[in-house]
Amino acid sequence: MVFDLRRCIGCNACVVACKQENSLPDGVFFTRTLSQEYGVFPNVNRVYIPTLCNHCEDAPCQKVCPSGATYTRDDGIVMVDGEKCIGCNSCAVACPYDQRSVMTKESFEDGLYADGNLTPFEEQGYTRFTPGTVTKCDFCSERVDAGLDPACVATCPTDARIFGDLDDPQSKARQLIDERGGKPPLPEKNTKPKVFYVS
Amino acid sequence: MASAQPAIVGDSFAVGYRFQRYWGTSMASAFFCGELGAGLFLVSLYYSVNAGMILGLVVTAVLKTYFHTSHMGVPAKSWRAILRPDRAWVSRGLIMIVLFTGFGVLHVVTGAYGLFEMGSSATLDIIKIVAALAAVGVMAYHGFAMSDSTAISLWDSRLMPLVSVGYALLGGAVVTAVLAGPTQAGDVSQTAVSLPSLGLVLVLLNAGLVSALLYGAYHGSPGARISAEMLFKGVFARQFVPLVFVLGLALPFALLLWAPGSFFVELAVAIAALIGYYAFRVFILRAGVYEPIMNFAPPE
């Protein structure tokens, strides 16, 4: 995936789409749009930096997982098997991008309205999670398997998120990286992320 | 508005440093109990203090297990943590704990108390050696598990396993000194080093290791520097410095110099050193931060 920082307007439509697609409980985000302000008045800038799991080729979360719950699919998407996860949080402290989410039991019990009652949407959506485990963005793998873009990409009104095969020189994502010098986040961590930023 | 460098931003949607919040007090307690129990067993094994070996096994097998399971999201599946020793230090550590507990109990039952016949003296020696090596493994693996998490720059140090072993031995030495009593603790006839002298050396060793760890962090990456600053002069300094350095290291050093071998002094040394040790474990977890994913602010 490629994030075009020139295009991101910080509307957070991707964040909402992700929460809706994945039925995420209160306080859990698989993607965030961070903002940073810098400069000195009157020359002040604000930049929006979308973030999600970088599906690293050398994923530190997978390396430290003691139960084998974290694994990488053939297409490079890093997944978590909720049935195998023991909730030790080793992956969460190993991820340099802080992109792991702990699904506490309370987040499923309180409900989105924090009154102990679950809406029909929550009752249906929460069945995909195992309380107590750690989970994360999986690039909407079910949508990808069906030939669709991840929900955040499909929703983005400015085309700031570009999803594609980085190994395919004809893909728009690869071409953007090559043309505009795509940079991975925190390259010094040597995780070989599969998410790049162009600005 | 100034050209501000990223600050600690909590869970907000802003670029900055974020505290790790996934390993908390229960994990710190589990690390503390694991290291203390293994260190206590090892030192007691060397000085032939049976009560120390038993207590060390109980602290590791019972208390460490309790704190780990209370930390885990799905404790019923905790057995799965043993499945990936090829890559995960948590798995390797669990194997060490199983070996340590099994062979430690065997040694106490057969070698120390001679309750059962286990064959030749060579067999007893093998049991003792495996128990001792597994104890070293338990002492060290917490440090490896932390330094393996390169995401938290404060922990990403090769000194971390040494600090784990150093504190484990210090905790083991000061508790063994109390359990052994004043006569045995001051008796240098049976061993090369008396327990008070060992405690003194270990206090100095740990002071050096902790100082080196924090010095390295302060002069390391920006995230590690921020963590070190929080421990020395930031939000944690008012607890970290008095508890870890003054109570945990300086006071035991002074007491061991002043009146080594006295039971009450050894007791005070043990209490002070263990409080400092536990505080170190808690604050080194709490001070860990993730680096900002990107930084557009020009250098100051």
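**Briefing: chains A and B of a predicted model**

A:P42 sits in the loop of chain A that runs between β2 and β3 (43-52). A cis peptide bond links this proline to A:F41, with omega at about 10 degrees. The model is predicted. Chain A has eight helices and nine strands, while chain B has nine helices and two strands. The points below cover each chain as a whole, then selected residues and one helix.

**Chain A overall**

- The radius of gyration of chain A is 17 Å, close to the 16 Å that the globule rule gives for 199 residues, so chain A is as compact as a globular protein of that length.
- Measured out along the principal axes, the C-alpha trace of chain A spans about 45 × 40 × 35 Å.
- Of the 199 residues in chain A, 57% are buried.
- Among contacts in chain A with a separation of 6 or more, 59% are between residues 24 or more positions apart.
- The exposed area of chain A is about 8,900 Å², and carbon and sulfur atoms supply 48% of it.
- Chain A carries 21 positive and 28 negative charges, and the mean positions of these two sets are 6 Å apart.

**Chain B overall**

- Along the sequence, the elements of chain B follow the order β-α-α-α-α-α-α-α-α-α-β.
- A compact globule of 300 residues would have a radius of gyration near 19 Å, and the 21 Å of chain B agrees with this.
- The C-alpha atoms of chain B fill a box of roughly 75 × 50 × 25 Å along the principal axes.
- Buried residues account for 53% of the 300 residues in chain B.
- Residues 24 or more positions apart supply 73% of the contacts in chain B that have a separation of 6 or more.
- Chain B exposes about 12,300 Å², of which 70% comes from carbon and sulfur atoms.
- There are 15 positive and 12 negative side chains in chain B, and the centres of the two sets lie 9 Å apart.

**B:H71 and its contacts with chain A**

- B:H71 belongs to helix α2 (residues 50-71) of chain B.
- B:H71 counts as buried because its relative accessibility is 12%, and the cut-off for buried is under 20%.
- Beyond its neighbours within four places in sequence, B:H71 contacts A:G87, A:C88 and A:N89 in chain A, and B:Y22, B:W23, B:S26 and B:M27 in chain B.
- A polar atom of the B:H71 side chain lies 2.8 Å from the backbone oxygen of A:C88.
- B:E35 is 36 residues from B:H71 along the chain, and the C-alpha atoms of the two are separated by 17 Å.
- A:N89, one of the residues that B:H71 contacts, lies in the loop between β5 (78-80) and α3 of chain A.
- Phi of A:N89 is near 70 degrees, which is positive although the residue is not glycine.
- A:N89 is buried, with a relative accessible area of 7%.

**Helix α3 of chain B**

- Helix α3 of chain B covers residues 89-112, and its buried residues include B:V90, B:S91, B:G93, B:I97, B:F100, B:G104, B:H107, B:V108 and B:T110.
- The buried residues of this helix pack against α1 (25-47), α2 and α4 (121-147) of chain B, and also against α3 (90-94) of chain A.
- B:G114, just after the helix, has a positive phi of about 60 degrees.

**A:T31 and A:S23**

- A:T31 lies in strand β2 (residues 31-40) of chain A.
- With 2% relative accessibility, A:T31 counts as buried.
- The side chain of A:T31 makes a polar contact of 2.7 Å with the side chain of A:R161.
- A polar atom of the A:T31 side chain also lies 2.7 Å from the backbone oxygen of A:T51.
- Leaving out residues up to four places away in sequence, A:T31 touches A:C14, A:V15, A:C18, A:T51, A:L52 and A:R161.
- A:S23 is located in the loop between α1 (13-22) and β2 of chain A.
- A:S23 is not a glycine, yet its phi is positive, at about 50 degrees.
- The relative accessible area of A:S23 is 7%, and the residue is buried.

How values were computed
Residues numbered from 1 in each chain as written. Chains lettered and ligands numbered in written order. Predicted model: local features only at pLDDT ≥ 70, side-chain atom pairs only at ≥ 80, totals over all residues. Heavy atoms only, no water. Helix = DSSP H or I, 4+ residues; strand = E, 2+ residues; numbered from the N terminus. Rg over C-alpha atoms; globule rule 2.2 N^0.38 Å. Buried < 20%, exposed > 50% of the residue type's maximum accessible area, 1.4 Å probe, protein only. Contact = heavy atoms within 4.5 Å. Areas by Shrake-Rupley, 256 points an atom, 1.4 Å probe, with all protein chains shown as cover. Lys, Arg positive; Asp, Glu negative; His and termini not counted. Charge placed at Lys NZ, Arg CZ, Asp CG, Glu CD. Polar contact = N/O pair within 3.5 Å; in protein donor to acceptor, adjacent residues only side chain to side chain.
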